[in-house]
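Thank you all for making the time this morning. I would like to walk you through one structure, going from single residues to helices and then to the aromatic rings.

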Amino acid sequence: MDRSVALVTVTVMIGMIMAIIDATIVNVALSNMAGNLGASIDEISWVATGYILANVVVMPLNGWLTARFGRRMFYASSVAIFTLTSFLCGTATNVGLLIFYRILQGLGGGALQPTAQAILFESYPPERRGQAMAIFGLGAMVGPALGPTLGGYIIDNFSWPLIFYINVPIGILAFVMALAFIRDQSYIKRPENGIDWLGLGVMTLGIASVQYVLERGQRDDWFDSSTIMILSITAVVALAWFIRRQLRDPSPLVELHIFRLRSFSIGNMIGVVSGFGLYGLNLVLPLFFENILGFDAWQTGLALLPGVVGTAISMPIAARMLQQFSPRSLIAAGIIMFAYAAWAMGSLNQYAGFGDLLWPRTLQGFALGFLFVPLSTATLADVPKDQLASASGIYSLLRQLGGSIGIAVLELIQIRREDTAQSTLAGSITRHNPSVASMLHASHDSAATMHQIADEVLRNATMIAYADVFRISAILFLASLPLLLFMREPTRTIKSPVKS
């Protein structure tokens with residue numbers, strides 16, 4: 001690898017991994033923060049929600065901001081914003097300040113992932129872009145899984161501000177390296193027109209509304225909530241108007257004409273599914289480990305670790321195989337392996353231990369490498385260089401929204417299925433049931449025994465719900481396979497820009 005390319009690679013990966021880990025590391029610290037800051041669980045949840053809202057708003061603007069400020073200055077500024085606000089988050093003395101700082105931090109962090117992907121993709125020659133996406137994928141896929149592990153260790157051994165303070169020295173290093181090694185490209189032209197403030201405002205309103213509905217819908221009982229209903233309508237109207245405006249604008253904020261490239265469109269559809277699996281199951285699995293298996297934060301992190309190892313192993317293998325095999329065949333293999341592993345997770349019970357979790361978690365992680373590397377390479381292969389920043393921003397946004405959809409859908413399924421299973425199981429728990437009657441007869445405290453039985457019913461109902469969630473995830477992954485029939489094999493050369 002050329003030395004300059006290696007330095008650029010290290011630079012962007014440091015910043016990107018820092019931002020991705022921070023998106024998930026907070027989740028295991030929310031209860032600790034709430035107690036320390038005197039906040040309710042509903043209030044403290046905005047520490048995570050606010051960060052994600054800011055992320056998804058800035059991602060689609062990646063292309064325009066890169067052209068406006070230059071790649072070097074835009075990336076370095078994003079790192080600086082993220083680092084400074086990380087320090088401020090650690091100093092927050094009340095939940096309001098912490099939420100405000102997290103939103104600012106999300107604006108900086110949201111730009112780092114798509115910008116890093118665009119820089120890596122264009123820095124490598126076409127025949128080595130699989131390797132570039134493998135390197136990028138190590139951060140994009142491993143980061144979310146490492147976050148809870150690292151966060152659990154910090155919370156168990158130190159205090160919650162440290163999860164923000166550890167970003168400061170890393171961020172300073174990334175900032176200095178960005179100024180030293182990242183260079184602006186001549187083919188990225190500065191926009192001649194000023195910013196479309198109306199379009200920006202409507203886009204922000206639409207995307208933020210979508211993310212809010214997905215993040216808070218389950219908690220607010222979906223469309224029984226007037227807020228969820230109003231924001232759902234707002235999202236549809238605002239985004240429809242924004243898309244129409246962008247398609248007619250000769251200098252759009254978001255370049256939507258790249259969806260005319262079939263591989264880009266199909267790749268994004270599959271990317272939504274991969275985001276569903278990555279983020280959706282990454283939320284469900286820690287809950288399963290803690291609520292059913294009784295793991296603490298550190299044990300949960302250890303249980304997730306085999307998936308991280310599997311992904312780290314498969315990324316370079318997938319990159320090498322991409323030079324010999326069709327991207328579509330590798331993506332199909334990744335989808336099938338992930339679906340098989342998710343289905344196997346549905347066969348676990350409440351007595352499962354680390355040994356039972358080892359191979360399905362390892363296979364899930366291994367599958368993500370085969371899914372992510374060829375998918376990213378094929379999706380971006382035919383995108384012109386001057387539109388890579390826009391394309392990577394859109395790709396990151398849709399993968400993030402796919403994750404939010406996955407989280408919302410899996411939470412809904414889990415809760416509804418748990419209620420149904422509990423009702424069914426509880427129907428047979430009466431004093432006329434021979435097993436129940438025998439337990440009560442042998443007990444000295446019938447009230448305590450009935451309470452114990454009720455707890456066991458709830459635990460079994462929750463286990464049934466999680467098993468269904470894992471299996472439904474497998475089915476949804478397999479349902480994306482037909483999309484591969486419509487994906488073209490990527491060309492090895494960069495085509496001319498897409499015309500509107």
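**Buried residues, one long helix, and the rings**

Let me begin with P327, which has a relative accessibility of 9% and therefore counts as buried, the cut-off being under 20%. Please keep in mind throughout that this is a predicted model. P327 belongs to helix 15, which covers residues 327-345, and although P327 and L375 are 48 residues apart in sequence, their C-alpha atoms are 6.9 Å apart in space.

A second buried residue is Q105, in helix 7, which covers residues 95-123; its relative accessibility is 0%, so Q105 counts as buried too. Which residues does Q105 touch, not counting those up to four places away in sequence? The contacts are D22, Y51, F82, T85, S86, C89, F164 and N167.

Now to helix 12, residues 226-248, where we can check the length: with 23 residues at 1.5 Å a residue, the helix should span 33 Å, and because its end C-alpha atoms are indeed 33 Å apart, the two values agree. At the N-terminal end, S225 acts as a cap, with a side-chain oxygen 3.3 Å from the backbone nitrogen of T227. The buried residues of this helix are I228, L231, S232, A235, A238, F242 and Q246, and they pack against helix 11, residues 197-216. As background for reading that list, an α-helix has 3.6 residues a turn, so residues three or four places apart point the same way.

Let me turn finally to the aromatic rings, for which a search of the whole structure finds 13 pairs. In one of them, F288 and F289, the ring centres are 5.8 Å apart and the planes are at 55°, so this pair is classed as tilted. F288 is buried, with a relative accessible area of 0%, and F289 likewise counts as buried at 0%. Another pair, F338 and F477, is stacked, at 4.3 Å centre to centre with 20° between the planes. That pair links distant parts of the chain, since F338 sits in helix 15 and F477 in helix 19 (residues 446-479), 139 residues apart. Both rings belong to buried residues, F338 with a relative accessible area of 2% and F477 at 1%.

Coming back to F288 and F289, these two are members of one aromatic cluster that also contains F295, F354, Y466 and F470. One last ring to look at is that of W343, where R471 lies over the face at 5.5 Å from the ring centre.

How values were computed
Residues are numbered from 1 along each chain as its sequence is written. This is a predicted model: local features need pLDDT of at least 70, side-chain atom pairs count only at pLDDT 80 or more; totals for chains, interfaces and linings use all residues. Side-chain values use heavy atoms; hydrogens and water are left out. Helices (H or I, at least four residues) and strands (E, at least two) are DSSP runs, numbered from the N terminus. The expected span of a helix is 1.5 Å times one less than its number of residues. Buried means under 20% relative accessible area, exposed over 50%, partly exposed in between (1.4 Å probe, protein chains only). Contact means heavy atoms within 4.5 Å. A polar contact is a pair of N or O atoms within 3.5 Å; within protein, one must be able to donate a hydrogen and the other to accept it, and residues adjacent in sequence count only if both atoms are side-chain atoms. Rings of Phe, Tyr and Trp (its six-membered ring) pair if their centres lie within 6.5 Å; planes under 30 degrees apart count as stacked, over 60 as edge-to-face and the rest as tilted. A charge sits over a ring if NZ of Lys or CZ of Arg is within 6 Å of the ring centre and within 35 degrees of the ring normal.
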